[in-house]
Structures are given as C-alpha cells and as structure tokens.
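Have the sequence and the 3D view open side by side, and let's take a walk through this one together. We'll begin with the empty spaces and then move on to the packing around them.

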Amino acid sequence: MSVSSRNALYATLVLAYVICTSSCGGGSSTTSSSTTNPPPPNALAVTALATTSSNPLAPLVIKTSGGNTDPVTVNFSNSAGFSVTSSAISVTSGSVTVPVPLYIDPNSKTTASGGVSIVLTQDGKSTAPTNFTIEDLPPQSTYGTQVGQITHAFVIFEQILLGENLDEMQTLNIAMASNSKVVGETGNAAHTLYSSLIPGVNNARNDIDQVMLNNSMVFPWGTLSNGTPIQFDAKQLDFMDRIAALYLTQQFSTTPTVARMRMHTNARQGKRASSKSTTQNTFQTILSAITSGNAVYQLTEDLRNSPTSSASTGLAFVDGLQMTAASQGAEQFSSYVGMVSGLAHFTEAVNTQLNLILPTAACLASPGCDSAAYIDQLASDETNAGVNAAAAVAAAMSNIPGILDLQSNAATVVDELLNSVVNIYNLAHSGTLQNISSAALDAVSSSSFGTVANKLGVMNSNVAITNNLGVAASLTGVQLQQCPPTSCTTSFNVTNVADTGGSYQLVIPLDISGASYGTMDVVAFDFATNTGLATETVDLTGLNPNSTVQVPPMSGVCNDTDYGAPDGDDPDCD
C-alpha cells in the first residue's frame with residue numbers, strides 16, 4: 001500500500017471512531033474529556049516595544065504574545081561586542097517590563113548611544129531579536145547644574161532616608177516589645193543604621209563635596225590587580241551626577257510634591273523662573289525637595305500612592321546599574337570609580353525609601369492616615385516593592401567589579417568614599433543590609449502592626465549648628481532620650497537626622513508603659529564622633545496622633561579643624 005493510501009485509510013478510521021464514540025454508545029464524554037490535554041501555549045513572542053529608544057536605567061515595557069508568567073531574562077547585544085543580561089522586572093500576560101542598561105561602547109569604554117537587539121528568553125525558548133536604541137546619559141547642561149551638585153544632593157537625600165529608617169526601627173523596637181523576633185531584628189537594624197550606614201554616608205561626602213568645590217581635586221584609590229591606577233575625580237563625579245539625575249527625574253518629576261513646590265517657586269520668582277527651561281526648573285525643584293526632610297517624607301507618600309510605577313522605576317535603576325557592573329570587562333570602564341560609588345550609595349537610597357513602612361509625619365498630620373486601608377497598603381508595599389528592592393540591591397552589591405581589589409586598597413588607603421563603598425558591600429555580602437528589610441517585613445506582617453501605626457506622635461523643631469564647612473558640613477543627628485530626674489535611660493531612644501536647614505522630625509511611639517513623656521531630652525550630636533552639640537529638655541505629655549508638637553529650637557557649634565587632611569571620619573566635629 002502506498003504512503004498516501006495508508007494516510008487516507010488512517011484518516012477514515014479516525015473519523016469513524018470519533019463518530020461512533022460520540023453517538024453509538026461506544027464511549028463516554030466524561031472519559032473522553034478527561035484524557036484530552038489542551039494544546040501547549042505558543043512560545044513567548046515580542047509584538048511591540050513601548051518605545052524604540054530610551055534613556056538608560058529606565059523601565060521598558062515590551063508587549064508580548066504567547067508564553068506564560070514564568071521568569072523571563074532579557075539580553076541587550078550587538079555585533080560590536082556589547083552584551084548584557086538581566087532578569088525582567090515583571091512578567092504579566094501580554095507584557096514584560098525590563099530594565100534598560102547603560103550603553104558602554106566596547107571600544108572607547110565610555111558611555112554612548114548605541115543600537116542593540118533585544119531578546120527575551122522564557123522556559124529555554126528565545127524570541128526573535130527586536131531592534132532598540134539605548135540613548136547616552138544626558139549631559140549636565142540638560143539640568144543646568146555644575147559638577148557635583150546633583151550627587152551632593154543625592155547623598156544628603158540618602159542620609160535623610162537612612163535617618164527616617166533609623167527612627168522607624170527604634171520606634172518599632174519600643175512599640176512592639178512583646179514580639180521578641182521583631183525586637184531582635186529592629187534592634188540589630190537600628191545598630192547597623194546608627195553605627196555604620198549613616199556615618200558612612202556622611203563620610204562619603206568628604207570626596208564628593210571637595211571635588212564639587214574644587215574640580216581639580218583628586219583622591220587616589222590605589223590600583224586594580226591588573227596594575228591600573230584608579231582615583232575619584234571630577235570625571236567620576238560627573239558620571240555619578242548624570243546617573244543620579246536620570247533616577248530623580250524618572251521617579252519624582254511628576255509627583256504632587258514637586259508640582260506644589262514648583263508652583264510655589266514660580267509664584268515667588270516670577271519672570272526669573274521663566275529664564276530656565278521647564279526641565280531645569282523642575283530639576284532644581286527636585287534637588288530642593290530631596291534635601292528637605294519634610295519634602296522627602298512627602299515624596300515617600302507620593303510613591304506609596306503609585307506603588308507599581310515607583311517600584312518599577314526604582315528596580316530599573318538598580319538592575320540597570322547591576323547589568324553594567326556584571327558585564328565582562330566592567331573594570332575597564334572609564335568611569336569605573338563613579339560607577340561603583342553610585343552602585344553602592346544611590347541604590348541604597350532607592351532601597352531605603354521603598355522599605356519605609358511607618359506612616360510619615362506628613363501623613364500623620366492629615367486625616368485618614370490611620371485607616372485600615374492605608375495600613376494594609378503599607379503592608380502590601382513592603383511585601384512587594386520593599387522586598388523586591390532589597391533583593392535587587394543585594395544582587396547589585398554582589399556584582400561590584402574588582403571588589404577584592406577595593407577591599408585590599410581600603411585597608412591601606414585613607415579615603416572616606418572608598419571605605420564607604422567597601423562597607424556597604426560588606427554589609428550586603430554578610431546579609432546585614434538585607435536584614436533591615438527583613439525587620440520591616442516581619443514588623444509589618446505582625447498582627448499588632450495596625451495598632452502600633454495608630455499610636456504614633458510627631459515632634460518637630462529646628463537645630464542651628466554653626467559650622468565652618470558651609471555646604472560641606474555634616475548633617476546633625478537628633479535623638480529623643482527618656483531622662484527622669486536623675487539620669488537618662490537607653491530604653492527609649494528615637495533618632496533621626498536634621499536636614500541641611502536644620503529642620504527635623506521625630507515619629508515617636510505613644511502610650512508606652514513606664515515612659516516618662518514629661519521629662520524627655522532632645523540631643524543634637526555628630527554621627528561621626530558621637531559628640532553632643534546641644535540639648536533641650538521637653539515635655540511631651542500632650543503628644544497625640546492627631547497633632548504635631550513643636551518643641552523649642554536648639555543651637556550649637558561644630559568645627560572640623562582637619563578637613564582636607566583625610567583622617568577617615570571627615571566631615572565631623574573635632
């Protein structure tokens with residue numbers, strides 16, 4: 001029998017079987033349906049890009065068909081030798097969101113604009129390449145800034161966020177005393193923030209601010225194992241400025257807080273404000289916002305009101321830097337020192353803001369902040385955005401190129417920024433950094449969290465510390481201490497950081513058994529040396545969740561007599 005005859009006979013038999021089983025009593029519909037498997041879904045395919053070109057370190061939405069919601073990796077590559085890979089930020093039915101990396105020219109080892117192909121891979125199957133253009137980092141002139149101005153503001157932003165995180169951990173430690181797990185975790189987190197992260201960020205400003213004020217300054221970082229000397233200078237600071245600017249514009253340009261501040265500035269300045277471009281005016285407003293404690297709290301609330309987009313923007317920034325750091329030959333990048341410095345400090349700021357869990361002072365001053373829906377939203381944000389950000393930063397830290405060389409150099413080179421980068425890496429490598437996020441997650445997951453969030457008070461004021469360093473002065477620490485008539489106790493310490501203008505806020509747990517709210521001391525101090533700078537006794541017996549208490553201002557003096565002669569703790573109060 002020929003092949004065609006066999007195929008015809010087979011088709012006839014199959015048809016007869018189907019007809020008989022459906023109408024001749026020769027089969028059961030139940031049995032038939034239980035043994036029939038649905039066809040497998042089509043493999044993932046790209047149908048469109050949200051845009052065919054983009055700034056780096058931004059989220060890119062890719063429309064897709066087929067596939068499923070299993071993890072997806074993305075590769076950006078071209079024939080010139082550029083190739084980086086990362087996990088997708090999110091995978092849903094019909095779309096995949098991925099981070100856009102920096103384009104580092106394989107020949108010049110500098111940032112540039114470059115055409116690449118995008119390939120998605122899911123369950124071992126890859127999509128056809130799709131053309132895309134990664135744009136170069138915009139220059140400083142886009143924002144109307146000078147070298148160092150953006151990074152200076154960003155690390156102040158980082159320190160304000162870390163101060164707020166410290167306030168949260170200490171408040172939770174006091175208010176959730178019956179939960180031994182949370183108490184242990186928040187206590188350890190507070191110790192890391194107080195003794196390591198906040199002083200480290202403060203000291204990192206030594207290099208940044210000195211180069212900002214004098215672009216010819218150079219801070220040697222030793223050499224890499226291949227013999228290449230490395231240093232922090234104006235070129236590295238310029239790179240940090242430009243990547244920080246991308247994150248700030250992408251995350252905060254359209255927030256209500258920036259819109260309100262810009263409207264107020266325009267009304268005050270009139271024609272002077274119109275002399276700059278819209279981009280420059282908006283960006284200058286962002287810089288003002290991130291160096292003001294009250295505005296930082298408001299920005300955090302803005303992000304909480306758009307958790308999906310804010311998390312996507314933050315993760316794209318972290319993952320985009322991580323892709324560059326993990327790429328082959330990253331140590332040869334001309335802005336290597338700026339890259340590892342930004343990777344450490346900028347991603348830590350993103351991580352901290354997305355992991356804050358208590359209602360902010362700005363929220364507590366408004367109605368509805370203590371609603372069950374709002375508390376549930378805080379828990380949801382931490383479970384999703386916070387946890388994902390912490391994991392992304394941990395992965396980014398683990399990919400710092402040349403870290404063994406940096407660790408070796410830090411042991412012999414006295415440089416505050418180098419030491420701070422190595423310190424953040426060590427904290428991430430040991431899991432200590434991630435433990436801060438774990439403490440937040442366990443606290444917000446506790447059945448008593450809603451009660452704690454409804455029993456918070458806000459105290460604010462100003463501390464004026466005269467400092468000989470001007471804009472390079474360190475930020476002042478502020479701590480509320482329980483001080484009965486004879487001595488102070490360490491069982492009720494709540495700490496934060498005053499902003500560049502001296503304003504500060506403290507979110508304080510209320511109704512704590514044994515707490516003497518009528519005899520509290522507020523102490524201003526230097527984080528680097530733990531030196532007390534000013535103190536004020538306050539009575540907080542009237543503090544309640546519905547009103548903010550303004551306490552008397554403080555003043556003091558801080559002089560750094562050896563600034564410019566690195567001793568490992570500048571800027572400080574000698």
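Before we look at any holes, a quick word on terms: a cavity is a set of grid points where a 1.4 Å probe fits but cannot get out, and a residue counts as lining when it has an atom within 4 Å of such a point. Keep in mind, too, that this is a predicted model.

With that in hand, go to the second largest cavity. Its lining is made up of Asn165, Met169, Glu348, Asn351, Thr352, Asn355, Leu433, Ile436, Ser437 and Ala440. The volume here is about 80 Å³. Three helices, α3, α11 and α16 (432–445), each put in at least two lining residues, and α16 has the largest share, with four. Sorted by class, the lining of this second largest cavity comes out as four nonpolar, five polar and one charged.

How many cavities of 30 Å³ or more does a search of the whole structure find? There are four. The largest cavity has a volume of about 110 Å³, and its walls are formed by Thr300, Leu303, Arg304, Pro307, Ser310, Gln353, Leu354, Leu356, Asp381, Glu382 and Ala385. Two or more of these lining residues come from each of α9 (293–304), α10, α11 (336–354) and α13. By class, the largest cavity is lined by five nonpolar, three polar and three charged residues.

Now for a space that is open. The largest pocket holds about 480 Å³. It has 27 lining residues, and the ones closest to its centre are Thr308, Ser309, Ala311, Ser312 and Thr313. Two or more lining residues of this pocket come from each of β3 (59–65), α5 (234–252), α10 (307–326) and α13 (372–398). Which element gives the most? That's α10, with seven residues. The pocket lining as a whole has twelve nonpolar, 14 polar and one charged residues.

Let's step back to the whole chain for a moment. It has 17 helices and 20 strands, and 52% of its 574 residues are buried. If you take the contacts with a sequence separation of 6 or more, 72% of them are between residues 24 or more positions apart.

What sits inside? The largest nonpolar core has 119 residues, and Trp221, Phe232, Leu248 and Leu406 have the most contacts within it. Helix α3 (residues 149–175) is the top contributor to this core, with twelve residues. Try clicking on Leu248: leaving out residues up to four places away in sequence, Leu248 touches Ile150, Phe154, Ser253, Phe283, Ile286, Leu287 and Ile290. Apart from the largest core there is another one, of 29 residues, including Val463, Val538, Val551 and Met554.

Met554 leads us straight to strand β20. In a regular strand, side chains alternate between the two faces of the sheet. In β20 (residues 554–558), Met554, Gly556 and Cys558 make up the covered face, while Ser555 and Val557 are on the uncovered one. β20 runs parallel to β13 (residues 456–467), and five bridges join the two strands. To find your place along the pair, look for Thr466, which stands opposite Val557 of β20.

Last stop, a few loop residues. Gly514 is in the loop between β16 (503–509) and β17 (520–526). Is Gly514 buried or exposed? Its relative accessible area is 65%, so Gly514 counts as exposed. Gly514 is 22 residues from Phe492 in sequence, and their C-alpha atoms are 10.0 Å apart in space.

Two other loop residues are worth a look for their backbone angles. Lys109, in the loop between β7 (95–99) and β8 (114–122), has a positive phi of about 60° although it is not a glycine. Its relative accessibility is 25%, so Lys109 is classed as partly exposed. Asp123 is another non-glycine residue with a positive phi, this time near 55°. You'll find Asp123 in the loop between β8 and β9 (125–126).

Definitions and conventions:
Residues are numbered from 1 along each chain as its sequence is written. This is a predicted model: local features need pLDDT of at least 70, side-chain atom pairs count only at pLDDT 80 or more; totals for chains, interfaces and linings use all residues. Side-chain values use heavy atoms; hydrogens and water are left out. On a 1 Å grid over the protein atoms alone, a cavity is a set of points where a 1.4 Å probe fits but cannot get out, and a pocket is an open set with protein on both sides within 12 Å along at least five of seven lines; lining residues have an atom within 4 Å of a point. Grid points are joined across faces, edges and corners, and a volume is the space filled by probe spheres set on the points. Ala, Val, Leu, Ile, Met, Phe, Trp, Tyr, Cys and Pro count as nonpolar, Asp, Glu, Lys and Arg as charged, and the others, Gly among them, as polar. A nonpolar core is a set of buried Ala, Val, Leu, Ile, Met, Phe, Trp, Tyr and Cys residues joined through side-chain atoms within 4.5 Å. Buried means under 20% relative accessible area, exposed over 50%, partly exposed in between (1.4 Å probe, protein chains only). Contact means heavy atoms within 4.5 Å. Two strands pair if DSSP finds at least two bridges between them.
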